[in-house]
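Welcome, and please open your viewer. We will go from stop to stop, selecting a few residues each time and looking at what is there.

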Amino acid sequence: MQPLDPARAAPPPGEVWATATVRPGDNLSLIFKRENLSAKTLDLIMDSGPDSALLAKLRPGQKIQYQLTGGMLTALRLEPSHWEILEVRRVGETFESELRKTDVVTHVQKVTGTITDSLFMSGQRAGLTDPLIMELISIYAWDVDFALEVRVGDSFKVLYEEYFRDGKRVGVGPILAAEFANQGKSFRSVRFTSTDGHSDYYADSGMAMRKAFLRTPLNFTRISSTFSLGRRHPILNSIRAHRGVDYAAPQGTPIKAAGDGTVVYAGSKGGYGRTVILRHGSKYNTLYAHLSRYAGSLKPGDRVQQGKIIGYVGMSGLATGPHLHYEFQVAGVHRNPLTVDLPKAESISANQWERFQQQAAPLLAQLELSAPARESIVAMGETGTKGPFVH
Ligand SMILES: [Zn+2]
């Protein structure tokens with residue numbers, strides 16, 4: 001016979017499952033007190049194995065189920081995610097814990113649509129969730145400027161995972177493959193997970209969708225001023241932050257675009273003089289100041305490739321000598337261009353190529369598969385239909 005849990009005053013007969021909901025600021029100890037369960041039992045549960053650590057990471061709204069047998073706590077269940085169930089069971093005087101997979105079913109969904117207004121509106125009508133639309137934008141942010149370049153008639157295809165449990169959608173997974181047709185140009189991309197477990201998006205050619213940066217956008221003579229959050233300005237003679245790097249170089253030295261991007265500004269900008277600002281992908285901006293002149297007919301909206309000459313070194317604005325003042329922003333925050341972690345853009349390496357083909361080929365085939373009964377071009381006001389492909 002096992003002893004009764006002494007904390008239960010009036011043990012109900014038989015076996016009962018009760019549910020406790022995690023409140024903000026809760027922990028299992030508070031919940032046990034509230035549910036009138038014994039602290040000694042809690043200690044035994046926390047000692048039940050490495051998986052019991054999940055019980056120390058409760059989130060508000062989670063449900064803890066526990067089983068009472070003759071008033072004694074004999075089992076406890078928690079679903080840390082839709083994918084897992086933690087079950088702790090009494091075995092004699094101790095507890096044992098087990099983390100099991102739930103019966104989540106993965107479907108591969110395909111959605112197609114045509115832009116009739118904005119990508120967001122058209123994407124939503126086609127059945128994409130907002131996070132999926134954001135993901136789509138970030139995959140293509142280096143190739144397509146979604147603010148300036150998306151046109152009515154552009155189209156998209158998106159293959160992604162959805163997770164169902166008991167017939168209900170419990171999650172939307174990553175985009176597996178996508179195609180974006182922008183003004184007649186088509187960009188296909190596919191998600192690839194390398195042997196080291198890192199996932200990223202690649203064109204079907206194996207080129208990374210994310211592009212790289214040049215660390216330094218010109219051939220310079222010396223660095224005349226580094227990045228700092230407070231220095232004495234040589235002309236204004238006051239302490240101010242220097243949110244970039246100054247590269248001294250002869251007047252007229254060509255300045256290159258640090259990465260593939262779009263010109264968002266080309267003009268005079270106070271003390272910066274002639275200035276060019278480029279946007280790269282959805283997260284990065286670079287700024288080039290004190291130019292003597294711009295390259296060719298450079299203007300906002302132009303797309304530039306990494307290495308393309310955008311202007312020439314000068315001393316326009318507040319400058320004591322010819323130099324390039326170069327700034328690098330990540331998500332709107334100035335970072336030191338000399339040390340900032342630059343995104344890598346590695347293409348599929350030779351030793352990953354076969355693995356890439358194995359993953360990419362079936363996904364791209366599924367993306368191209370025409371199944372007119374289950375998908376349709378989305379026109380204004382229509383609801384997109386989606387076809388489930390179970391795998
Ligand atoms: Zn400067």
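Which residue stands opposite Thr275 in S17? Select Thr275 and look across to the neighbouring strand: the residue facing Thr275 is Gly267. Keep in mind throughout the tour that this is a predicted model.

**Stop 1: strands S16, S17 and S18**

Now widen the selection to residues 261-268, which make up strand S16. S16 runs antiparallel to S17, and six bridges join the two. Five residues lie between these strands in their hairpin, and among them you can pick out Gly270, with a positive phi near 55 degrees.

Next, select S17, residues 274-280. Of its seven residues, five are buried, so this strand is mostly covered. On to S18, residues 284-294: S17 and S18 also form an antiparallel pair, again over six bridges. To find one of the bridges, show His280 together with its partner Tyr284 in S18. The hairpin of S17 and S18 has three residues between the strands, and Gly281 there takes a positive phi near 60 degrees.

**Stop 2: the nonpolar cores**

Show the side chains of Leu278, Tyr288, Ile310, Leu324 and Phe328. Within the largest nonpolar core, a set of 25 residues, these have the most contacts. Several strands supply at least two residues each, including S14 (245-248), S17, S18 and S20 (309-313). S21 (323-330) gives the largest share, four residues.

Centre the view on Ile310. Leaving aside residues up to four places away in sequence, Ile310 touches Val276, Leu278, Tyr288 and Leu298, among others. A second core, separate from this one, has 24 residues; Ala126, Val150, Phe180 and Ala203 are among them. As a rule, nonpolar side chains in soluble globular proteins tend to be buried together.

**Stop 3: the zinc ion**

Which residues coordinate the zinc ion? Select His242, Asp246 and His325: the donors are NE2 of His242, two OD atoms of Asp246 and ND1 of His325, at 1.9 to 2.8 Å. Along the chain, these donors follow the spacing H-x3-D-x78-H. The angles among the four donor atoms run from 52 to 156 degrees, and the site is irregular. Four donors would count as tetrahedral if all angles lay between 85 and 135 degrees.

Are His242 and Asp246 buried or exposed? His242 has 4% relative accessibility, so it counts as buried. Asp246 is buried as well, with a relative accessible area of 7%.

**Stop 4: salt bridges**

The whole structure holds 15 salt bridges. Start with Glu79 and Arg165, whose closest N and O atoms are 2.7 Å apart. This pair links distant parts of the chain, 86 residues apart: Glu79 sits in strand S3 (residues 72-81) and Arg165 in strand S7 (residues 155-165). Glu79 is partly exposed at 36% relative accessibility, whereas Arg165 is buried at 14%.

Then select Arg125 and Asp117, a salt bridge with its closest N and O atoms 3.2 Å apart. Here Arg125 is buried, at 18%, and Asp117 is partly exposed, at 31%.

For another pair, show Arg169 and Glu162, with closest N and O atoms 2.4 Å apart. Arg169 is partly exposed at 39% relative accessibility, while Glu162 is buried, with a relative accessible area of 1%. To finish, select Arg77, Glu87, Arg89, Glu98 and Arg100: salt bridges with shared partners join these residues into one network.

Terms used
Residues numbered from 1 in each chain as written. Predicted model: local features only at pLDDT ≥ 70, side-chain atom pairs only at ≥ 80, totals over all residues. Heavy atoms only, no water. Donors = N, O, S within 2.8 Å, 3.2 Å for Na, K, Ca; no water. Tetrahedral: all angles 85-135°; square planar, octahedral: opposite > 155°, others 65-115°. Buried < 20%, exposed > 50% of the residue type's maximum accessible area, 1.4 Å probe, protein only. Core = buried A, V, L, I, M, F, W, Y, C linked by side-chain atoms within 4.5 Å. Contact = heavy atoms within 4.5 Å. Pairing = 2+ DSSP bridges. Salt bridge = Lys/Arg side-chain N within 4 Å of Asp/Glu carboxyl O.
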